[in-house]
There are 2 protein chains.
Amino acid sequence: MRIVSRNTVLPAWPLLDASPIPAPPAPFGAEAAPHAPPHPAAARSIVLVGMPGAGKSSIGRRLATKLGLPFIDADTEIEAAAGLPITEIFTRYGEPHFRDGERRVIARLLAGPPLVLATGGGAFSDARTRAAVAASGAVAVWLRCSLPTLLRRVAGREHRPLFLNKDPREVLERLMTARHPTFAEAPVIVDCTDEPPETTTRRVMEALAAHRDPSRLPVRLGDRAYDILVGEGLVARAGALIAPVLPARRVVVITDENVAALHLPTLTAGLAEAGITIVSAITVPPGEASKSFAQFQSVLEAALAAGADRRTAVVALGGGVVGDLAGFAAAVALRGLTFIQIPTTLLAQVDSSVGGKTGINLSLGKNLVGAFHQPRLVLADTGVLGTLPPRELRAGYAEVAKHGLLQGELWNWCEAEGARAVAGDPAALAHAVMESCRLKSAVVAADEREESEEGGRALLNLGHTFGHALEAECGYGGELLHGEGVAVGLGLAAALSARLGHCSQELPGRVISHLQEVGLPARIGDLGRKFSAEALMGRMRKDKKAREGAMRFILLRAPGDCFTTSDVAPLAVQTLLRDEGCGE
Amino acid sequence: MRIVSRNTVLPAWPLLDASPIPAPPAPFGAEAAPHAPPHPAAARSIVLVGMPGAGKSSIGRRLATKLGLPFIDADTEIEAAAGLPITEIFTRYGEPHFRDGERRVIARLLAGPPLVLATGGGAFSDARTRAAVAASGAVAVWLRCSLPTLLRRVAGREHRPLFLNKDPREVLERLMTARHPTFAEAPVIVDCTDEPPETTTRRVMEALAAHRDPSRLPVRLGDRAYDILVGEGLVARAGALIAPVLPARRVVVITDENVAALHLPTLTAGLAEAGITIVSAITVPPGEASKSFAQFQSVLEAALAAGADRRTAVVALGGGVVGDLAGFAAAVALRGLTFIQIPTTLLAQVDSSVGGKTGINLSLGKNLVGAFHQPRLVLADTGVLGTLPPRELRAGYAEVAKHGLLQGELWNWCEAEGARAVAGDPAALAHAVMESCRLKSAVVAADEREESEEGGRALLNLGHTFGHALEAECGYGGELLHGEGVAVGLGLAAALSARLGHCSQELPGRVISHLQEVGLPARIGDLGRKFSAEALMGRMRKDKKAREGAMRFILLRAPGDCFTTSDVAPLAVQTLLRDEGCGE
């Protein structure tokens, strides 16, 4: 059997690799105040993108002067490198070959010291060039102009090859349709009007000063590796952020009614900006009941009936239920679609959106059917946490505290700063999310499919053996939230560890007081209802993690030093539960 | 975070690695007829396993003499290597350490020239020792004795440590329960009675002469690699064959009513022999309708309600429908269980059981929901093909012919010998299955998830663009079997290739006559009903493989030289279909 490629090999672009890039002009412009400290925006290269007439050269030169950086026009560099005018390169070698050379020139320029780079209109529309710009650490700025503004500015340029013998309006409209979705991937967007260039330049500098890249955490899973982005305003920028990882600019959004009301319009606008079509926005009722077989089937049928194909991605916008359901649908629709997570609860941001576990419930039990399906990208927008009910935010924080106890350093942060996160402080929340994801993703990377005999992913169940039993006893109707069960579970795990001599006698007190201080229950007595020790132990023996009926615990030696064990005498557990006020 | 292992390090076994293995005795026994050709069984080492008293030494010595091989007793070698009696090694270092040394001694002995090796009763019950024996290429023979026979033979050995101060019956019963399931993994089993040892020895030699290892084809998929075993009688030996790859000796069997009636009792007995518990045997109605969401849910619920856990494997016993349904259930039950395929149709043996595609149908279309879930082992028992209706066997052969056209050499075999396979000749069927699996698994290994732009798994759709359209037009009620549609599709693909000048003008005639000779339809006229060219083309444009509405074909240059293309003028297809007798 012979497999035939239909690709052909193009001739080499003559002078590109041979001709050296001209040295940039002197690094400091004449107008730069000689003693002023360098502007913070001058620390990295700035790439200006936009339509013909947007002012990339005119604003770029002014910006370079103000920042004390060299200004370079990419097209000029390319012509120098190729030894030919651009129109000639196009004619002789075709666009793909030109774009290839263009990307290499731009990448080489950006590999040097910071500069301001104006790019040709089509450069940033090439996906590989955008990737090269992003990889270089430069920040791209889209100078966005309305059509009337552009038309006024290009008046008099009718002799340019782009407009020759054509209606400029038609040319610009066609280009805008094609390029705006890709320009939207620039991290900074500045709307340009007919104001003087000096004013626009000042606004670009302000936008650069205000811009914060989201924190990016790589999850190292080989060919299933992905990034978690943590920051504010990511839902609004979702289109630009996810576009680079999509097979095609088509998505199915799966969300629930509550989240749809709060965040779907923002997401829709953000996706539209990057030219991403929502094939279908599927809304399920909020709550655990949506993780049913019936809902699963109807989500799949809706997505496929709407025309989802192999290149369509699934975007989950919501908490753990939406993420589990949408992720499982993505795993099996057409045998696997690209999956994007936009978790909107603290619990989902710190826990369920990391690790690739997806699934639904059967009447026999929770999460009995599902798949390991890693997302291609996670956007943890800490801005949306402000819309959460305080009780839900607190419950999510229990998993942060758990990660703290597993990690050590993070536990100290919890004791010192955790209350700020629970109070809604954006910086504290961002830290809590980032560090939780860092801990969890490291554990997951080492044991993706929970196959380690000891340690591994099982450690993430710290507090969960007790927590799951308490949750199950309370039913899943909202009397006890998962995170609240985990919080009490953490208190009990610490108490059990101390009784068995694994950790200091002080640790349980520290754990319990911190959790209680942030408003979480941490002891069975905090739950205001009676439990039977026997019933709880029965649940624990039937836990998925139990082996041959032996209860399995994660115990603590100290914050940052936990271990898994099946070697706990049932009597010790029973005594603890009775001492905590449980009945028989 | 610190992950703690509970394993402890044992002291080294003193003399094991230092002391050399004693040279085996002279290679030819005194009784061997000096001029007789060596017995075929003498070409590889023979490992005798069985209970104490089964006669491993007594039969082993006689067998060695007859075969002209050295005889070695493993326990003697181990004592020499360790410089200690076995009881002492047990006492000092414990059983795990003893088994480890035992395995290394046995592996070293089997790495040399052929010999007859009697093993201690517990050696073969150690999974790693069994794996070492299998990996060495030796053949294990279980000398199976009934309890009364054993009791008679061990009479007088009450002083042995095994029986000291114990009831021999109790000791033996306990050992039989523990060890018989693992002894059953020996490829050759000989029942021993009270007959003279010479008689038993003769029967062992007969069994060795009759024994054929199944052909083993490795499918190279990295950490998802698995073997396909092809041969007769594999269902009856299923327990012994699958036991080495099971996480635990527990399985759920999924089959259909027809197959259950024919082969489930054989499978059940085969599994029981190796001590494998059938947690649940789930039977679905035969036919495509069982690939439904409702059936999928009920299979999952039945499996989990019966107690399937993470270490339970799913065994599919049946054709393509059962394999797709059971494979998908295995992929998602508890986020993925070990999956074993026992395909019982020729189509499933040569096609659907290789490649890991699993799934179910929606009312919107076939196979729209599913997963790539590779089996851990495939048993293609060519013996069961004798129970297939001839039409179904022929339809399965169409995929063999397709693999022939993709592979080249196999096409020549088809023309020469294919008719024997269709007539049910076991050797021809075994060859057809083996070579089809070899071709398909090589294609799959290079493009597991069908992501190649050109070639790759898509090539396996040779004949399927036409075939799927014909099938869809006929409905899926059995008027046209999948393989029959593929056969006509192969004829049309060859005809189209010739019309477009890609292959010789003779090839279509060769393809069509071969398929017709074995009783398959190969031209539209063979189907005895009218088709509309427009309707067929409409189906082809909507095929999953079509891109932006362009029909996608696999065309032939010659047997062994196929390629994928979207570059076929619709008019050429239309003209072909009209010339073949289709209406508008």
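## A:Asp75 and its surroundings

A:Asp75 is partly exposed, its relative accessible area being 24%, and in this predicted model the residue sits in helix H2 of chain A, which spans residues 74-82. Once residues up to four places away in sequence are set aside, A:Asp75 touches A:Ile86, A:Glu102 and A:Gly120. The UniProt record, through an unreviewed entry, lists A:Asp75 under the feature "binding site", together with A:Arg99, A:Gly121 and A:Arg179.

## A:Gly121 and A:Ser57

A:Gly121, another position that the unreviewed UniProt entry gives as "binding site", belongs to a loop of chain A that runs between strand S3 (116-118) and helix H5 (127-136). Is A:Gly121 buried or exposed? With a relative accessibility of 16%, A:Gly121 counts as buried, because the cut-off for that class is under 20% relative accessible area. Apart from neighbours within four places in sequence, the contacts of A:Gly121 are A:Gly50, A:Lys56, A:Arg179 and A:Phe183; of these contacts, A:Arg179 is itself named in the record under "binding site".

A:Ser57 also carries the feature "binding site" in UniProt, again from an unreviewed entry. Its place is in helix H1 of chain A, residues 56-67, and at 29% relative accessibility A:Ser57 counts as partly exposed. Which residues does A:Ser57 contact, leaving aside its neighbours within four places in sequence? They are A:Phe71, A:Asp73 and A:Ala118.

## Chain A as a whole

Chain A has 584 residues, of which 54% count as buried, and its secondary structure comes to 21 helices and 16 strands. Taken along the principal axes, the box filled by the C-alpha atoms of chain A is roughly 90 × 65 × 45 Å. When contacts in chain A are restricted to residues at least 6 apart in sequence, 75% of them join residues at least 24 apart.

The area that chain A exposes is about 23,500 Å², and carbon and sulfur atoms supply 53% of that area. As for charge, chain A has 61 positive and 62 negative side chains, and the centres of these two sets lie 5 Å apart.

## The annotated domain in chain A

According to an unreviewed UniProt entry, residues 282-394 of chain A hold the feature "domain: 3-dehydroquinate synthase N-terminal". Over residues 282-394 the chain is 34% helix and 29% strand, while the C-alpha atoms at the two ends of this stretch are 28 Å apart.

## Parallel strands in chain B

In chain B, strand S4 covers residues 139-145 and is mostly covered, with 6 of its 7 residues buried. S4(B) takes part in a pairing with strand S1 of chain B, residues 46-49, which runs in the parallel sense over 4 bridges; within S4(B), B:Val139 is the residue that stands opposite B:Ile46. S4(B) also pairs with strand S5 of chain B, residues 188-192, in the parallel sense and over 5 bridges, and here B:Trp142 stands opposite B:Ile189 in S5(B).

Which residues form the covered face of S5(B), and which the uncovered one? The covered face is made of B:Val188, B:Val190 and B:Cys192, whereas B:Ile189 and B:Asp191 make up the uncovered one. B:Ile189, the S5(B) residue opposite B:Trp142, therefore belongs to the uncovered face of S5(B), where the division concerns relative accessible area, buried meaning under 20%.

## Two serines in helices of chain B

B:Ser58 lies in helix H1 of chain B, which spans residues 56-67, and with 31% relative accessibility this serine counts as partly exposed. Between B:Ser58 and B:Asp73 there are 11 Å in space, C-alpha to C-alpha, for two residues that are 15 residues apart in sequence.

B:Ser513 has its place in helix H19 of chain B, residues 507-517, and is partly exposed as well, its relative accessible area being 32%. What separation do the C-alpha atoms of B:Ser513 and B:Val230 show? Along the chain B:Ser513 and B:Val230 are 283 residues apart, and their C-alpha atoms are separated by 29 Å.

How values were computed: Residues are numbered from 1 along each chain as its sequence is written. Chains are lettered from A and ligands numbered from 1 in the order in which they are written. This is a predicted model: local features need pLDDT of at least 70, side-chain atom pairs count only at pLDDT 80 or more; totals for chains, interfaces and linings use all residues. Side-chain values use heavy atoms; hydrogens and water are left out. Buried means under 20% relative accessible area, exposed over 50%, partly exposed in between (1.4 Å probe, protein chains only). Contact means heavy atoms within 4.5 Å. Accessible areas come from the Shrake-Rupley method with a 1.4 Å probe; for residues, only the protein chains shown count as cover. Lys and Arg count as positive and Asp and Glu as negative; His and the chain ends are not counted. The place of a charge is taken as NZ of Lys, CZ of Arg, CG of Asp or CD of Glu. UniProt positions are given in the numbering used here, feature names are shortened, and annotations may be inferred rather than shown by experiment. Two strands pair if DSSP finds at least two bridges between them.
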